[in-house]
Amino acid sequence: MASLAANHPQAIRPQDVQSERGNPHWVRLKDERELDSIPGEDGWPVLGTTFKLLADPIGYGNRMRAKYGDVYRTRSFGRRQVTLIGPEANELVLFDREKIFSSEQGWGPVLNMLFPRGLMLMDFTAHRADRRALSIAFKPEPMRHYCAALNADIARGVEAWGEGERKFYPAIKALTLETAATSFLGLPLGPEADTLNKAFVDMVQASVAPVRRPLPFTAMGKGYAGRKLMVEYFTRLVRERRANPGQDMFSQFAMARRDDDPAADLLPEDVVVDHMIFLMMAAHDTITSSFTTLIWQLAKNPEWQDKLRAEARAAAGGDGVALAYDALGKMELADMAMKEALRIMPPVPSTPRRAMRDFTFGGYRFPAGTNVGVSAAAVHADPAHWPEPERFDPLRFTPEAVAARHKYAWIPYGGGAHMCLGLHFATMQTKLLVHHILTRYRITAAPGYAPAWQAWPIPKPRDGLQVQFSRLT
Ligand code: HEM
């Protein structure tokens with residue numbers, strides 16, 4: 001068997017990846033003054049612009065763009081970084097034709113401590129090999145099985161909600177976690193799934209905690225304990241699934257091979273475990289966020305709610321029945337409505353990378369080691385690409401409208417080598433939720449209701465999104 005180190009040139013033990021110091025292959029800016037020529041600001045001494053960014057990430061980005069243009073410099077979390085705005089910038093950085101931009105070194109400072117060695121924490125050749133191996137989990141046959149499991153879980157969960165006032169965000173978050181236990185892990189709902197879910201929630205919480213050391217009683221301390229529990233549990237589960245594979249995503253990962261040769265070795269156990277933990281993180285809050293945006297928009301736009309309900313009834317052949325995998329393609333309006341929700345409130349508002357080599361953009365030169373960000377939130381709200389950007393209009397996503405627009409004006413799933421691996425899964429789950437919810441309930445919100453949203457790290461309504469569910473008569 002090829003050694004782990006050979007397949008994973010950047011595979012380092014989790015305890016080694018907590019800072020840049022443990023990563024000799026990371027490229028650092030030689031001297032931050034090399035970015036002096038980029039317009040922007042350094043903010044306060046020591047604190048930089050971090051607090052302005054955290055207080056109102058979208059508003060701060062808008063103000064910086066209005067003042068300095070589509071290329072600007074800030075200083076957050078102790079380092080200078082540049083933001084590049086516009087479809088051309090998105091294409092340069094995400095499509096990365098010339099293999100300049102590292103995802104590992106962009107995301108690493110945020111995710112390395114709790115989600116090491118996930119796909120977004122890998123680059124180039126090693127990333128491509130593991131991504132290809134894991135892609136088997138998203139082929140039509142396994143997707144068909146997830147569809148059946150999701151249909152049953154969503155129907156049960158949504159039916160139990162019943163009529164009445166509801167904070168939608170916590171309700172959909174709980175339901176998505178429950179469905180993950182069965183379709184991702186193949187576990188029955190119950191105390192075991194609850195323990196894992198709790199560990200997982202602690203890890204996600206810790207990944208954005210300001211205190212970055214796992215001290216007792218801190219979010220990072222709890223996150224570390226959660227990771228330890230999940231690693232131990234998943235390591236046992238890999239062995240079980242290899243002996244007796246099921247139809248769940250974990251079984252697919254456990255049986256994945258680094259190339260398409262059936263005689264090739266399975267991925268090492270610890271690699272499967274890290275990929276699965278990362279995938280759960282990538283999948284969970286993103287779907288929760290985008291579906292909450294969709295429900296908010298459907299509550300505000302009852303005509304679209306009616307259209308989606310009629311489409312769901314026709315596609316499934318009735319109210320509350322399962323929506324067959326083969327019928328998903330008939331939910332075209334739901335597809336467009338989801339895309340519009342992702343435009344209005346992208347769950348990953350900005351994407352970090354680090355330049356491995358010098359590059360130029362917009363008339364500026366950027367040295368190797370520059371931290372670079374592109375912003376889905378800024379481009380999705382730009383009237384140059386989206387007239388009346390605040391208006392919910394799924395018809396922006398008809399095939400003709402899409403063909404007439406720059407491909408990188410809409411980037412909720414990223415693009416290029418790291419484009420979201422689970423986007424078809426996310427689309428399927430959204431259509432199933434639309435079907436099971438809208439063929440049971442009518443959703444309304446108080447007139448003029450406009451919830452405030454927390455923009456970072458993943459958008460969510462501060463009040464949980466207060467809506468009314470009424471049974472269809
Ligand atoms: C609406 C829901 C979702 C959104 C908006 C979303 C968004 C994204 C984005 C923007 C990236 C790329 C980040 C980058 O380039 O740095 C990404 C990567 C990824 N996503 Fe998603 N995601 C969603 C749902 C899911 C689901 C359901 C899964 C799994 C079932 C998933 C698995 C992944 C994985 C594994 C990657 C890493 C791919 C790679 O680096 O090669 N995502 N996602």
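# Exercises on a predicted model

H4 is followed by Asp96, whose phi is positive, near 50°. The model is predicted. The exercises begin at this residue.

## Exercise 1: Around Asp96

Task: Find where Asp96 lies, and decide whether Asp96 is buried, partly exposed or exposed.

Solution.
- Step 1. Asp96 sits in the loop between helix H4 (87–95) and strand E3 (101–102).
- Step 2. Most residues other than glycine have a negative phi. Asp96 is not glycine, yet its phi is positive, near 50°.
- Step 3. Count the neighbours: 19 other C-beta atoms lie within 10 Å of Asp96. A buried residue needs 20 or more, and an exposed one has 12 or fewer. Asp96 is therefore partly exposed.

## Exercise 2: The buried residues of H4

Task: Which residues of H4 are buried, and what covers them?

Solution.
- Step 1. List the buried residues of H4: Ala89, Asn90, Leu92, Val93 and Leu94.
- Step 2. Look at the cover. It includes E2, E3, strand E5 (350–355), strand E6 (359–361), strand E8 (371–375) and helix H15 (376–380).

## Exercise 3: A hairpin

Task: How many bridges join E1 to E2, and which residue in E2 stands opposite Val71?

Solution.
- Step 1. Strand E1 (residues 71–76) and strand E2 (residues 79–84) run antiparallel, joined by 6 bridges.
- Step 2. Opposite Val71 stands Leu84 in E2.
- Step 3. The hairpin has 2 residues between the strands, and Phe77 takes a positive phi near 50° there.
- Step 4. Check burial. In E1, 5 of the 6 residues are buried, so this strand is largely enclosed by the rest of the structure.

## Exercise 4: The cores

Task: Which residues touch the most other members of the largest nonpolar core, and which helix gives the largest share of this core?

Solution.
- Step 1. The largest nonpolar core has 87 residues; Phe253, Met276 and Ile295 touch the most other members.
- Step 2. Helix H12 (residues 269–300) gives the largest share, 17 residues.
- Step 3. Follow Ile295. Leaving out residues up to four places away in sequence, Ile295 touches Phe168, Ile443, Leu465 and Val467.
- Step 4. A second core of 24 residues is separate, and Val71, Val93, Val348 and Ala355 are among its members.
- Step 5. Set this beside a general trend. In soluble globular proteins, nonpolar side chains tend to be buried together.

## Exercise 5: An open sheet

Task: What is the strand order of the open sheet of 3 strands, and which strands stand at the edges?

Solution.
- Step 1. The order is E4-E12-E9, with antiparallel pairing.
- Step 2. Strand E4 (164–167) and strand E9 (441–444) are at the edges. Each has a single partner strand, so one side of each is left without a neighbour in the sheet.
- Step 3. From one strand to the next, the twist averages 35°.
- Step 4. Take one pair. E4 and strand E12 (residues 466–471) are joined by 4 bridges. Arg166 has Val467 as its bridge partner in E12.
- Step 5. Add the helix. H12 lies across E9 and E12, and runs at about 85° to E9.

## Exercise 6: Around the ligand

Task: Which residues come nearest to the ligand, and how do the residues of the shell divide into nonpolar, polar and charged?

Solution.
- Step 1. Of the 23 residues around the ligand, the nearest are Leu119, Thr286, Gly414, Cys420 and Gly422.
- Step 2. H12 and helix H17 (423–438) are the elements that give two or more residues to the shell. The largest share, 6 residues, comes from H12.
- Step 3. Sort the shell: 15 residues are nonpolar, 7 polar and 1 charged.

## Exercise 7: Two backbone details

Task: Where is Phe124, and which residue does a cis peptide bond join to Pro457?

Solution.
- Step 1. Phe124 belongs to helix H6 (residues 124–134). Its phi is positive, near 50°.
- Step 2. Phe124 has 16 C-beta neighbours inside 10 Å, so it counts as partly exposed.
- Step 3. Most peptide bonds are trans. The bond between Trp456 and Pro457 is cis, with omega about 0°.
- Step 4. Place Pro457: the loop between strand E10 (453–454) and strand E11 (460–461).

Key:
Residues numbered from 1 in each chain as written. Predicted model: local features only at pLDDT ≥ 70, side-chain atom pairs only at ≥ 80, totals over all residues. Core = buried A, V, L, I, M, F, W, Y, C linked by C-beta atoms within 7 Å. Contact = placed C-beta atoms within 7 Å. Near = placed C-beta within 6 Å. Nonpolar A, V, L, I, M, F, W, Y, C, P; charged D, E, K, R; others polar. Pairing = 2+ DSSP bridges. Axes fitted to C-alpha atoms, helices over the stretch in contact; angles between N-to-C directions.
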